[in-house]
Number of protein chains: 2
Amino acid sequence: MPTAIRGKTSKPDTELPAAAQVVEFVRRQIEAGRLRPGDRLPAERDLAEEIGVSRPSLRSGLQTLQALGVIQSRQGAGTFIAAGPPRLGGAPLSFLAALHGFTRDEMFEARRVLELGAASLAAERATQERITALADEVAAMFASLDDPQEFLIHDVQFHKAVATASGNPVLATLIDTISALVYETRKLTVERAHDLKESAEMHRRIYRAIKAGDPEKARDEMGTHLALARQAQASEEEARPAKRANSGRQV
Amino acid sequence: MPTAIRGKTSKPDTELPAAAQVVEFVRRQIEAGRLRPGDRLPAERDLAEEIGVSRPSLRSGLQTLQALGVIQSRQGAGTFIAAGPPRLGGAPLSFLAALHGFTRDEMFEARRVLELGAASLAAERATQERITALADEVAAMFASLDDPQEFLIHDVQFHKAVATASGNPVLATLIDTISALVYETRKLTVERAHDLKESAEMHRRIYRAIKAGDPEKARDEMGTHLALARQAQASEEEARPAKRANSGRQV
DNA sequence: GAGGGTCAGATGGTCGGACCATTGGTGACT
DNA sequence: AGTCACCAATGGTCCGACCATCTGACCCTC
């Protein structure tokens, strides 16, 4: 049927796929400030009618938003805009790692670049409140020298606190994303760790440099710490027979 | 022949949501090496049966994977594992920016941290081939001093080439993600740019530092360049009446 | 026989409707 | 007044159908 043209000059083919329309709709609502973190979206049946797509298509779009970490659904309750601190779900990076074979060393190196920058910025402009948060974590680390799992939690939180203290939420989000991946493997090997005390000491030196407002020193201390941490994790890894059979599993 | 009983007989429960099952299935295939970039997935109807979910649920899962940039569908052709260089779709960061009000300065600062690290690493270990790629982009910039849009393209590609030359794909992916956002706004203002020649000169100095294998100098030159670029873009922005009315739109 | 145009099957995209599972509030019962 | 059971609202899943697009094989023309 060559004659059947559906282009329609009035409505050029500008129409996006239905799912994309939903994403765009929500995006505009967010950018206009009509939807804020924690807010609840209309029920799917209502929202579908409002946007002008079917419910399956609407759900398709919402599925995308959920994958991006923008919304969160609870059966029986409703769909909500993600609340809490900015969080770039670890899933994307995790998939890229599996697809393209990112190695643990590469992840570690990227993390190093980000954390060095964050430490430097934190030393320049951390507020008193955030410096206190750092001190709390350092204290908690010293208090849990005999409990590796607990120690690791405060280790992670210290690094997160440094990222926050940098005052740059973009940087903090990126660090959080990578740290989540590193944490997963670290959790399995930390039991074999030794010298937790030395690790705590290093964190304390980082804290002091930030508190003193010395960017170069903060960067150096963080660099030293990460270099040793990387080495430590590698040895923890070796101490375990581990499974080498898998081909594509790096991270 | 049970008339219409829906499964659930032997499987106790603990089953993930249908969409998550699909994601997990594909993830395992990728990690096991059975699915590689460029490969085609089975048709939706077949795949749904294989995994044991309905087609709508399967599509829900595929929608998630598409949002993460893992797969790409083409109507009439099939669904394929994403090929090409690692790419973390800009959508996630873009949404976070809208949700939490990341400012352009914060994006720029995060980019600065990443690019400084990349420049430093590139100077340490760039291969001859990748150094040549840098040289090509610098030359292309000098050749397009009278064409701002073309100049901008090579500007972006130069930075991308530096990220690649760092030899760390994780870093390159993160830089690419942030650059995509910055590029969007820059494209609109570059026409007002002046001193393209000086910009090209700065890129050349960065290139030389990398070629000379001098990490500190590469880092410094990149830092100088980004500081000036940020300042330049700010003035380009001011030169335009622009729309200030929007409340939540920062990036 | 070779080339190009055409048609059918495959495949993803959309839709409407239906039913299930969970949640949270409300009203009835004690 | 307190507790509990019920029910409406809402997201989760599924079915079947039809449309839009692409791919490849078939057929007609030269």
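Q: Which residue forms a salt bridge with Lys217(B)?
A: In this predicted model, Lys217(B) lies in helix α10 of chain B, residues 215-238. Its partner sits in that helix too, four residues apart, about one turn of the helix. The closest N and O atoms of the pair are 3.0 Å apart, and the partner is Glu221(B).

Q: Is Glu221(B) buried or exposed?
A: Buried means under 20% relative accessible area. Lys217(B), at 40%, counts as partly exposed. The relative accessible area of Glu221(B) is 13%, so Glu221(B) is buried.

Q: Which residues are joined into one network by salt bridges that share partners?
A: The structure holds 22 salt bridges over all chains. Some of them share partners, and these join Glu44(A), Arg55(A) and Arg59(A).

Q: How far apart are the closest N and O atoms of Arg55(B) and Glu44(B)?
A: Arg55(B) and Glu44(B) form a salt bridge. This pair links distant parts of the chain, with Arg55(B) in helix α3 (residues 55-67) and Glu44(B) in helix α2 (residues 44-51), 11 residues apart. The closest N and O atoms are separated by 3.0 Å.

Q: Which class of exposure does Arg55(B) fall into?
A: Partly exposed covers the range between buried, under 20%, and exposed, over 50%. Glu44(B), with a relative accessible area of 16%, is buried. Arg55(B) has 33%, so its class is partly exposed.

Q: Which residue forms a salt bridge with Arg27(A)?
A: Arg27(A) lies in helix α1 of chain A, residues 18-31, and its partner is in that helix, four residues apart. Arg27(A) counts as buried at 19% relative accessibility, and the partner counts as buried at 13%. With the closest N and O atoms 3.3 Å apart, the partner is Glu31(A).

Q: How many helices and strands does chain A have?
A: From the N terminus on, the elements run α-α-α-β-β-α-α-α-α-α-α-α. The secondary structure of chain A thus comes to 10 helices and two strands.

Q: What percentage of the contacts in chain A between residues at least 6 apart in sequence join residues at least 24 apart?
A: Chain A has 251 residues, of which 45% count as buried. Its accessible surface comes to about 13,000 Å², with 50% belonging to carbon and sulfur atoms. For the contacts between residues at least 6 apart, the share joining residues at least 24 apart is 74%.

Q: Which element gives the most to the surface near DNA strand C?
A: There are 25 residues around DNA strand C, and among those that come nearest are Ala18(A), Ser57(A) and Glu44(B). Elements that each supply at least two residues include α2, α3, β1 (71-74) and β2 (78-81) of chain B. The most, three residues, comes from α3(A).

Q: What distance separates a polar side-chain atom of Arg74(A) from a phosphate oxygen of DNA strand C?
A: Of the atoms of DNA strand C within 4 Å of the protein, 65% belong to sugar or phosphate. A phosphate oxygen of this strand is 2.9 Å from an N or O atom in the side chain of Arg59(B), while a backbone N or O atom of Ala18(A) lies 2.7 Å from a phosphate oxygen. For the side chain of Arg74(A), the distance to a phosphate oxygen is 2.7 Å.

Q: How many charged residues does the surface near DNA strand D have?
A: Around DNA strand D there are 26 residues, and Gln75(A), Ala18(B), Ser57(B), Arg74(B) and Gln75(B) come nearest. The largest share of this surface, three residues, comes from α3(B). By class there are six nonpolar and nine polar residues, and the number of charged residues is 11.

Q: What distance separates a phosphate oxygen of DNA strand D from an N or O atom in the side chain of Thr79(A)?
A: A backbone N or O atom of Glu44(A) lies 2.8 Å from a phosphate oxygen of DNA strand D. A polar side-chain atom of Arg59(A) lies 3.0 Å from a phosphate oxygen of this strand. For the side chain of Thr79(A), the distance is 3.4 Å.

Conventions. Residues are numbered from 1 along each chain as its sequence is written. Chains are lettered from A and ligands numbered from 1 in the order in which they are written. This is a predicted model: local features need pLDDT of at least 70, side-chain atom pairs count only at pLDDT 80 or more; totals for chains, interfaces and linings use all residues. Side-chain values use heavy atoms; hydrogens and water are left out. A salt bridge is a side-chain nitrogen of Lys or Arg within 4 Å of a carboxyl oxygen of Asp or Glu. Buried means under 20% relative accessible area, exposed over 50%, partly exposed in between (1.4 Å probe, protein chains only). Contact means heavy atoms within 4.5 Å. Accessible areas come from the Shrake-Rupley method with a 1.4 Å probe; for residues, only the protein chains shown count as cover. A residue is near a molecule or strand if one of its heavy atoms lies within 4 Å of it. A polar contact is a pair of N or O atoms within 3.5 Å; within protein, one must be able to donate a hydrogen and the other to accept it, and residues adjacent in sequence count only if both atoms are side-chain atoms. Ala, Val, Leu, Ile, Met, Phe, Trp, Tyr, Cys and Pro count as nonpolar, Asp, Glu, Lys and Arg as charged, and the others, Gly among them, as polar.
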